[in-house]
Amino acid sequence: MGYSLVCKDCGLRFKDEGFDFSCPNGCSGVISTRYDTPLQPEGSGIWRYINWLPVKRPNSYDLTPVLLRSDPISSEVGAEVYLAFHGYFPEMGAKLLTCTFKEVEAVASLRYAGEHKRDIAVASAGNAANAFLRFSELEDIRSYIFIPERVFGNLFCERKSENSKLIIVKGSYDAAQDLARKFSRLKGIAYEGGGLNIARRDALATLAYHFHERYGFLPDEYYQSVGSGTGAIAFYEGSKRLIRAGAAKQSPKIVVAQNEPFAPIVDAWNAKSREIAKDYGFDPLEVVYAKVLTNKSPIYSARGGLYDIMSESKGHGVSVSEKEAKSAGNLFIKAHRIGLDPAAEVGLAALLKSRANGRVLLNITGAGYQRLKKDVKIERPDPDWIVEGADDLEMIR
Ligand SMILES: [Zn+2]
């Protein structure tokens, strides 16, 4: 198989049986992959690093984020700033058709499901849904995508795959997650697992290998806006694999950004707490500008989660206001003539208000939606079902 799974809590190593991202000992540590062979880059896109992905063969997806050093952002920040540009802007070579890094996660997750011959149920606050709707066509399985009603207006697709089914949940993101999980049990299909899915995280970890291969070093600091924290954890895990293999010396400080007034990770970190506050007294989807950052149950407290990697890497958290985010977005348009997604604006705003040092990598998690609209006809995908509670799940075929 070429890899085994390791529990970040008890250290148990075990075999991957497919879609069981929890420890056989019953502890709650994050489950990570441990690859048996050194990294052997070959080919292009994420599949260039396939021997450090939990799949055997690639599918036909061959797009990739674009790496560049940004002189204008560097001079604003006063450090050497590199961008991992996930989005659509062909002039730069960036062609992600759903405009965000969730596309990379979804494609690898679909490949993993395809190889295990399992239909999946997945919950999303928007970007992952777009990606699963579009790219389910790559694999011969069916994906059931559950989204909260409030983000339906943000969905878009230039071609919805026949293999994907869209289920609108009348409720919060948590409700969508809960129903996706219940549906998977009811139908005996796999619960996709979100950020706990090893295929998703290892796909995002390829950014560390890509960056290291291109520049010959890892950044001193890594900035990203986070909802679940999947991308930041993945970049750290990827860095650690390179260090373990002797290819790199030190992992970057992991700095995560969130959008006020809902910044549970940053608030917990600043309070030096491993626990996330249970309730903010409002549904963040109703008040937060960058809606994709409203995950109430991020991968923070569990061993191997954000609390641990921010501690180990001497990183920190930064929260920014909507005003700061939009102002960062305007700066980026002046610098690179590309519109950022709200979440990417939050990441840039956090970098601008931090005292970053040395070589910094900013993950531009989503951008270029307006540019995409010029090239392709996009539309809102039709929902296949609208559900309110568990009783409605029976009708889904
Ligand atoms: Zn364990």
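Reader: In this predicted model, at what angle do helix α5 and helix α6 pack, and how far apart are their axes?

Author: Helix α5, residues 198-215, packs against helix α6, residues 230-244, at an angle of about 55°, and their axes are 7 Å apart. That angle makes α5 oblique to α6, because oblique is the class for angles that are not roughly parallel, roughly antiparallel or roughly perpendicular. The crossing of the two helices is right-handed.

Reader: Which residues make the contact?

Author: On the α5 side you will find R200, R201, L204, A205, T206, L207, A208, Y209 and H212. The α6 side supplies T230, G231, I233, A234, F235, E237, G238, S239 and L242. Sorted by class, this contact of α5 with α6 has nine nonpolar, six polar and three charged residues.

Reader: Let me pick one residue from that list. Is F235 buried or exposed?

Author: A residue counts as buried if 20 or more other C-beta atoms lie within 10 Å of its own. F235, in helix α6, has 29 of them within 10 Å, so F235 is buried.

Reader: And what does F235 touch?

Author: Leaving out residues up to four places away in sequence, F235 touches L204, A205, L207, A208 and Y222. Have a look at R201 as well: the C-alpha atoms of F235 and R201 are separated by 8.3 Å, although the two residues are 34 apart along the chain.

Reader: Now for the strands. How should I read a sheet?

Author: Start with the general idea: strands of a sheet pair through backbone hydrogen bonds, either parallel or antiparallel. Here, one open sheet has three strands in the order β2-β1-β3, with antiparallel pairing. Its edge strands are β2 (13-14) and β3 (31-35), each of which pairs on one side only.

Reader: How many bridges join β1 to β3?

Author: Five bridges join β1, residues 3-7, to β3. To find your place in this pair, use Y3, whose bridge partner in β3 is Y35.

Reader: Where can I see parallel pairing?

Author: Go to strand β10, residues 164-169. Six bridges join it to β9 (residues 143-148), and the two run parallel; S143 stands opposite S164 in β10. β10 also pairs in the parallel sense with β16 (residues 385-387), over three bridges, and there I167 stands opposite W385.

Reader: Are the faces of β10 covered or open?

Author: Both faces are covered. S164, L166 and I168 are buried on one side, and K165, I167 and V169 on the other. That fits the count for the strand, with six of its six residues buried.

Conventions: Residues are numbered from 1 along each chain as its sequence is written. This is a predicted model: local features need pLDDT of at least 70, side-chain atom pairs count only at pLDDT 80 or more; totals for chains, interfaces and linings use all residues. Axes are lines fitted to C-alpha atoms, for helices over the stretch in contact, and angles run from 0 to 180 degrees between N-to-C directions. Helices (H or I, at least four residues) and strands (E, at least two) are DSSP runs, numbered from the N terminus. Angles under 35 degrees count as roughly parallel, over 145 as roughly antiparallel, 65 to 115 as roughly perpendicular and the rest as oblique. A crossing is left-handed if the near helix is turned anticlockwise from the far one by less than a right angle, and right-handed if clockwise. Two residues are in contact if their C-beta atoms, placed from the backbone, lie within 7 Å. Ala, Val, Leu, Ile, Met, Phe, Trp, Tyr, Cys and Pro count as nonpolar, Asp, Glu, Lys and Arg as charged, and the others, Gly among them, as polar. Two strands pair if DSSP finds at least two bridges between them. A residue is buried if 20 or more other C-beta atoms lie within 10 Å of its own, exposed if 12 or fewer, and partly exposed in between; C-beta atoms are placed from the backbone.
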